[in-house]
Amino acid sequence: MSGTKDFSTTRRDLLHAAAAAGAGAALFGSMGINPALAAEVGRSEKPLKAAFSNAGLQATWCAQGKKAAEFWGKLFNVEVTWFDGQLDAVKQRAAIDNMASQKWDFVAIQAFGIGTLTQPVQKMIDAGTPVIDMDTLIAPLDQINVHSFLAPDNEFMGASVTQALCNAMGGKGKIIMTQGALGHTGAQGRAKGFNSVVKQFPNIEVLDTQPADWDVSKTARLWETYLTKYPQIDAAFFHNDDMALAAYNIMKARNRTNILIGGVDAMPPAIQAVSEGRMFATVRNPSCRIHGGAIIAGVSAVVGGEKSGQGIPKNVITDGPVVTKANAPGMQWMQDHYLI
């Protein structure tokens, strides 16, 4: 235990020193942003105040993102205040209204649903506050002038896992997609990716595509119904790993563990499940890169004067691979260090 503590402390000290020297250049370079611009931005001399909100800390992806934002915030001298979305559009709107009534150096938000936060976000933008949009659109980019939108290629994620499932099924059989929140543009992209693949397999039947809104309890109820209703289910694609693992528990209780399971996010429990064979595949939605990148984007805007659409692109694609047994350990290591 003492060795682990010593290593972690040393790592934090080294990263802290690197940040002071402009470590943002390396991370910006990995995100497709000009490192020459990022090199001018290091740890802020004065503490910066940032407000963050994501869909809901009940979701492990969101909880990991909070840890990553706080970790990178400490490196760059940013005090992060969190406004939990609670996986509820109405509750998140109230939280963002509260956020908009206060003054921040910059803010970063993952909306539970598109169009639900436009008014308070516009209020902050009008006040000159850089707003970084994370993972799902607050509003279409041509309708709201966010500083930048950091998000994965959701269509790729949905398509890649679905392709892996369809190949494993031998191109025939019955599959179910359990969606996230329908108003979430990430979920919309994952559904589009799913549909683009299954339509290429005429011998694969889609049994159901109901949403579970990222809610593990709702997922469990849906899958209790599915396992009673459908004697044959060959595969299942879930819009996040939390829902996939919740459904697996129901499958296990019903002795239906022959169902191939695919998820999205590649969170540590899912990486472990892939390694052990309980899940067939998942794909990394890089929560650490998105939330940590939002910190660096905000610091670069405030300290370095980086302009939206010039120093930083309006849309930054945060990539992540399909996770298999072969690369699972590396994915876990990078998550442990808030790198992907």
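Let me start with Val 121, which you will find in helix α6, the helix that runs over residues 118-126. Before I go on, please keep in mind that what we are looking at is a predicted model. Is Val 121 buried or exposed? Its relative accessible area is 0%, and because anything under 20% counts as buried, Val 121 is a buried residue.

Which residues, then, does Val 121 touch, once we leave aside its neighbours within four places in sequence? The residues in contact with Val 121 are Ile 96, Ile 109, Val 131, Ile 138 and Ile 144. If you would like a distance to look for on the screen, take the C-alpha atoms of Val 121 and Asp 133, which are 12 residues apart along the chain and are separated by 10.0 Å.

Let me turn now to Asn 77, which sits in the loop between α4, residues 60-75, and β2, residues 78-82. Asn 77 has a relative accessible area of 16%, and so, with the cut-off for buried at 20%, this loop residue is counted as buried too. Where does its side chain reach? The side chain of Asn 77 comes to the backbone oxygen of Ser 44, at 2.9 Å. Ser 44 also appears in the list of residues that Asn 77 touches, not counting those up to four places away in sequence, and that list reads Arg 43, Ser 44, Glu 45, Lys 46, Pro 47 and Leu 48.

My next topic is a pair of helices. Two packed helices are described by the angle between their axes and by the distance between those axes. For helix α9, residues 216-229, and helix α10, residues 241-253, the axes come within 9 Å and cross at roughly 40 degrees. That angle is why α9 is described as oblique to α10, and the crossing of the two is right-handed. On the α9 side, the contact is made by Val 216, Thr 219, Ala 220, Trp 223, Glu 224 and Leu 227, while α10 brings Asp 242, Met 243, Ala 246, Ala 247, Ile 250 and Met 251. Sorted by class, this contact has nine nonpolar residues, one polar residue and two charged residues.

Finally, let us step back to the whole protein, which has 13 helices and 12 strands. Of its 340 residues, 55% count as buried, Val 121 being one of the buried residues. As for the contacts in the protein with a separation of 6 or more, 74% of them are accounted for by residues 24 or more positions apart.

Technical notes. Residues are numbered from 1 along each chain as its sequence is written. This is a predicted model: local features need pLDDT of at least 70, side-chain atom pairs count only at pLDDT 80 or more; totals for chains, interfaces and linings use all residues. Side-chain values use heavy atoms; hydrogens and water are left out. Axes are lines fitted to C-alpha atoms, for helices over the stretch in contact, and angles run from 0 to 180 degrees between N-to-C directions. Helices (H or I, at least four residues) and strands (E, at least two) are DSSP runs, numbered from the N terminus. Angles under 35 degrees count as roughly parallel, over 145 as roughly antiparallel, 65 to 115 as roughly perpendicular and the rest as oblique. A crossing is left-handed if the near helix is turned anticlockwise from the far one by less than a right angle, and right-handed if clockwise. Contact means heavy atoms within 4.5 Å. Ala, Val, Leu, Ile, Met, Phe, Trp, Tyr, Cys and Pro count as nonpolar, Asp, Glu, Lys and Arg as charged, and the others, Gly among them, as polar. Buried means under 20% relative accessible area, exposed over 50%, partly exposed in between (1.4 Å probe, protein chains only). A polar contact is a pair of N or O atoms within 3.5 Å; within protein, one must be able to donate a hydrogen and the other to accept it, and residues adjacent in sequence count only if both atoms are side-chain atoms.
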